[in-house]
Amino acid sequence: MLYPHDIEQKLGFDKIRDLLKNHCSGELGKRNVDKIKFSPNKNLILKLCNQTEEYVKMVEAAEKIPSLNYPEIDALLYKIKVEGVFLETEEIANILKSLKILHSWSVFFKSKAEEYKEISALGENIQIDQLLIKKIDNCIDAKGQLRENASPELRSIRSEINKNERQARKTLDRVMRDTQKSNMSPEDSSLTIRNGRLVIPVKSEYKRSVRGFIHDASASGNIIFIEPAEVLEINNDLKELSYSEKREIIRILTELTDEIRIHKDSISHGNRFLGIIDLIKSKALLSIDFDASVPSLSIEGDIEWIGAINPILKMALVKQGKEIVPLNLKLDRQKRILLISGPNAGGKSVCLQTAGLLQYMYQCGLPVPAIEGSSTIIFKDVFIDIGDEQSIEDDLSTYSSHLKSMDYLLKNANRGTLFLIDEFGSGTDPQFGGAIAEAMLEQLAKSKSMGIITTHYNNLKKMADAHTGLSNGRMRFDVGKLEPLYQLEIGKPGSSFALEIAGKIGLPKSLIQSAKKKAGTDAVELDRLLTELEEEKKFFEEQGKKFERQNELLEKTIKNYKDLQSDLNENKKEILNEAKIDAKNLLKETNQRVENLIRKIKENKAEKESTKESREEVRKFEKEIKLEKVKKKMQEIKVIGGAIRIGDLVRVKGQQSIGEVLKMSKKDVEVSFGDLKSKIKLVRLEKVSRGTVKKIEKEQSSPIRGININERKANFHPDLDVRGKRAEEALMILVGFLDNAILFGAISVRIIHGKGDGILREVLRQELKSFKEIHTFNDEHADRGGAGITVVKFH
């Protein structure tokens, strides 16, 4: 049971429906959005959520999802219920398009049935007659036009029409040339059509000089349009052929319609399936938009929203350039009812509405914008009392309408009820309004129902602290700045900060002091204590954050020390052995080169040019030795396991540049490579040991973290040749190549993979689809390599 009738408008779910419709491909999907209903059925909710999650996985896995650009065919299927009625060519083309889309989905699910079980199950009973598709396809082309060879008779008729038209045109051209030579037709005139017949323009004074049938005259009467006698018979034949063509077309269309009519029910069932898939797709895309997830069902009967956001509010704030503050909220069977207090415009009503909207979305089978780990239960009834419900027609004031709503709730509330009440007890004398609200709250507590209430009444705050099943909550407030923080804190009541806000906006101090006296000592003292509590809370929070930062730094330092110590112990012996071998080999090679150089100098009798060349060769060898040392050191960097976190050192798999993690989302990581910041997929990164990095930097007396952009840009070439590479190796090279191309602002690049069996080309092109920076990719021109080269263009 839902109360009131406009609950969706009050919670904002009507706007969620609009967002879903924006993601639908067809009208059938949009109509299905309108059919979404709140459900207390656990199995149905789980099924709907699982379907949406599966489609999200399909999108994130970059599957080749079939098209959902299906036409509207419901009216066509209804039309052919009447025997003898036939569909037009364009209408049959739409039926064919729908059948082909159905077939592609059927093929997709057959290959992916194990991966996407819930969605695949929807298409189990779809029956597609391949012969029907083939028959229609043989008659109607890709443009929705009837083919020339739809039937032998039609082919023969159209061939005869073309023949007669050519003959008529030829004859008319000849007559036209003759009349122009004789000055009977205007010199700049040409053939035209009147009443569906080809005619020639003739000057009115010569109309009796040209034999034929007069069809029309110009507005001035100076020109007469005559169909020459030479083409009268041909045109009559064309007219008859045109009638024959229409009769044959109707016969073909009637025959195709009769075939479609036989399969009408199965086509209708398939069309409904496309509409359902369209709905699931819209829910999945909306989930991706809001980073939504499916909450778990609590066995204990608790509700816990972690990092929850109101999607409608988020969209509004994004337009204003503001960020939303996530909501953390918990209700359990011991603390079933939460009373939220705090200043006006502090976010109390938003908390209420967010909790209600998320619960409503979930019970409509939609994932909700909350962090994984959130949990909830399923309610049979949802009751809300938000906003002004006064009614002139029913002669109800605001307070009377609230009382009427509360009467309905008290009569129907039970263990399966969720209620949300804004400004509980307001709208009348505070003394009596507060007392009535307290009595109602006692009854609601006895009903075992769960709910959230916002209020300013102190008697309700005191009751929540003392009564079983109730708890206080407050909206945090920055007392120093006198600004709301929009953060919910459960366990303590909040102050309205009315006197503080009054002082901030400039009301006289004498007036505020007078107000304090009138409010009474107890009320002012309670408000003072709540204010001090808020200040102390803020102070200790800041101290706590400070200690957390210091503790984090300490733990990081200890970890780095342990890593370094561990690396030294593990690699000490190995490094010494390798160093001895390298030194021995280097010494041997150096001696050989020196001996060769000495011999060369002696042989050339120490000529100036020869000596210079020898010195250059020594310098080149020195550079090679240094470069080899750097490469060897980079290979010594230890890759370590474990989750990647902010502050860790990482590198792209298969590359050497070391960077530090700055920010993280679910799948993307922002990494700093020196002065360069880049977003990289998490799966493409590997975590490296900070100890080994520091050690190498110390030995080299230079940092290895960062990227020499100028050097890489100078060495970058827009052609990549991966011929002869294995698919795995080629993919790794391709990813690094595309990263550089995007980084350096390349407009286009070429990937040379060869033709062969086309397997390497297909693997590489699948990877290209995952880069959103890529605009198009196609085969190179046939003269420049054709299918053996893929040309990639960037946005």
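These legends walk through several close-up views of a predicted model.

**View 1. How confident is the prediction along the chain?**
Before zooming in, here is a word on confidence. The average pLDDT of the protein chain is 83, and 81% of the residues score at least 70. Residues 390-396 are a stretch to treat with care, since pLDDT stays under 50 there. For this stretch the model has 7 contacts beyond four places in sequence. Where pLDDT is low, the predicted coordinates should not be read in detail.

**View 2. Strand β12 lies between two parallel partners, β11 and β13**.
Start with β12, which covers residues 417-421. Is this strand buried or exposed? All 5 of its 5 residues are buried, so β12 is largely enclosed by the rest of the structure. Its two faces are both covered: T417, F419 and I421 are buried on one side, and L418 and L420 are buried on the other. In a regular strand the side chains alternate between the two faces of the sheet. Strand β11 (residues 381-385) runs parallel to β12 and is joined to it by 5 bridges. Strand β13 (residues 450-454) also runs parallel to β12, with 4 bridges between them. F419 is a good place to pause: its bridge partner in β11 is F383, and its bridge partner in β13 is G451.

**View 3. Y3, in strand β1, has contacts far along the chain**.
Strand β1 spans residues 2-3 and includes Y3. Which residues does Y3 contact, leaving aside its neighbours within four places in sequence? They are V382, F383, I384, S405 and Y408. F383 also appears in the previous view, as the bridge partner of F419. Y3 and F419 are 416 residues apart along the chain, yet their C-alpha atoms are separated by 9.4 Å.

**View 4. Four strands form an open sheet with mixed pairing**.
Reading across this open sheet, the order is β21-β22-β24-β23. β21 (719-721) and β23 (774-779) stand at the edges with a single partner strand each, so one side of each has no neighbour in the sheet. From one strand to the next, the twist averages 20°. Look next at the pair formed by β23 and β24 (residues 789-794): these strands run antiparallel and are joined by 5 bridges. Within this pair, D779 has T790 of β24 as its bridge partner. Helix α24 packs on the sheet, where it touches β22 (748-752), β23 and β24. The direction of α24 makes about 165° with that of β23.

**View 5. A salt bridge joins K64 to E762 of helix α24**.
Helix α24 (residues 759-768) returns here, this time as the home of E762. The closest N and O atoms of K64 and E762 are 3.4 Å apart. K64 sits in the loop between α4 (42-60) and α5 (74-79), and the two residues are 698 residues apart, so that the pair links distant parts of the chain. E762 is partly exposed, with a relative accessible area of 39%.

**View 6. Two further salt bridges can be viewed side by side, D137 with K100 and R476 with E489**.
The model has 40 salt bridges by the rule used here. In the pair of D137 and K100, the closest N and O atoms are 3.4 Å apart. D137 belongs to helix α8 (residues 130-139) and K100 to helix α6 (residues 89-112), 37 residues apart. Both partners are partly exposed, D137 at 25% relative accessibility and K100 at 38%. In the other pair, R476 and E489 meet at 3.9 Å, N to O. R476 lies in strand β14 (residues 469-478) and E489 in strand β15 (residues 483-490), so the salt bridge ties together parts that are 13 residues apart in sequence. Here R476 is buried, at 4% relative accessible area, and E489 is buried too, at 10%. Elsewhere, salt bridges that share partners join K135, E248, R251, E255 and E259 into one network.

**View 7. Helix α11 is followed by a residue with positive phi**.
α11 covers residues 264-289, 26 residues in total. From its first C-alpha to its last, the helix reaches 37 Å, close to the 38 Å expected at 1.5 Å a residue. Just after α11 comes D291, with a positive phi of about 50°.

Notes. Residues numbered from 1 in each chain as written. Predicted model: local features only at pLDDT ≥ 70, side-chain atom pairs only at ≥ 80, totals over all residues. Heavy atoms only, no water. Salt bridge = Lys/Arg side-chain N within 4 Å of Asp/Glu carboxyl O. Buried < 20%, exposed > 50% of the residue type's maximum accessible area, 1.4 Å probe, protein only. pLDDT = per-residue confidence, 0-100. Contact = heavy atoms within 4.5 Å. Pairing = 2+ DSSP bridges. Axes fitted to C-alpha atoms, helices over the stretch in contact; angles between N-to-C directions. Expected span 1.5 Å × (residues − 1).
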